[in-house]
Amino acid sequence: MTLLFAASHGGLMAQGGMPIEQGKEEKLVSAAVEALRKAMIDPDKTALEKLTMPQLSYGHSSGVVQNQVEFVEALTSGKSDFVTIDLSEQSIRIVDRTAVVRHILSATTNDGGKPGKTNLSILLVWLKDKGEWRLLARQAVKVAIAP
């Protein structure tokens, strides 16, 4: 059975729409998402590498796609600088060893010393690797947030 965790609805829903408790794996994926959020605000090379797969494909809303080395370097160098990251409307769907996470990311940035704000719809693909959930792919799309 495929399970969907919808954070905005407060719990898991089976495909038939019946609410069920959030399972252990959904909690672990959610914790990995939160660890990544924190590591992107306060970049730590070791933490970022542990949270991501060497085969990472990290897509930005601009169309730029980075591998793991490029992603980590951009954050640790300050080229990409997240001051704050707020996540909302998160859903988690797990199939076997793969988790698909969607959420809205609202952030304040200071990329290369230039302040900014961004609102993105994010798709994350996590893979369970040696007992740990690690990010394999990410794609972002710009979204307008009502004032």
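Strands, written β and numbered from the N terminus, are runs of at least two residues that DSSP assigns as E, and two strands pair if DSSP finds at least two bridges between them. The views below show a predicted model.

**View 1. The hairpin of strands β7 and β8.** Strand β7, which covers residues 98-111, pairs with strand β8, which covers residues 114-129, and the two run in the antiparallel sense over 14 bridges. One residue to look for is N110, whose bridge partner in β8 is P115. Two residues lie between the strands of this hairpin, and G112 takes a positive phi near 60°.

**View 2. The hairpin of strands β8 and β9.** On pairing with strand β9, which covers residues 132-142, β8 again takes part in an antiparallel arrangement, here over 10 bridges. Within this pair of strands, W126 stands opposite L135 of β9. This hairpin, too, has two residues between its strands, and K130 takes a positive phi near 50°.

**View 3. The length of helix α1.** Helix α1 is made up of 18 residues, numbered 24-41, and at 1.5 Å a residue it should span 26 Å. The C-alpha atoms at its ends are 26 Å apart, which agrees with that expected span.

**View 4. The buried and exposed residues of helix α1.** The buried residues of α1 are E26, V29, A32, V33, L36, A39 and M40. When the helix is seen down its axis, these buried residues fall within an arc of 150°, so they line one face of α1. On the other side of the helix, K24 and K27 are exposed.

Terms used:
Residues are numbered from 1 along each chain as its sequence is written. This is a predicted model: local features need pLDDT of at least 70, side-chain atom pairs count only at pLDDT 80 or more; totals for chains, interfaces and linings use all residues. Side-chain values use heavy atoms; hydrogens and water are left out. Helices (H or I, at least four residues) and strands (E, at least two) are DSSP runs, numbered from the N terminus. The expected span of a helix is 1.5 Å times one less than its number of residues. Buried means under 20% relative accessible area, exposed over 50%, partly exposed in between (1.4 Å probe, protein chains only). The arc is that of the directions from the helix axis to the C-beta atoms.
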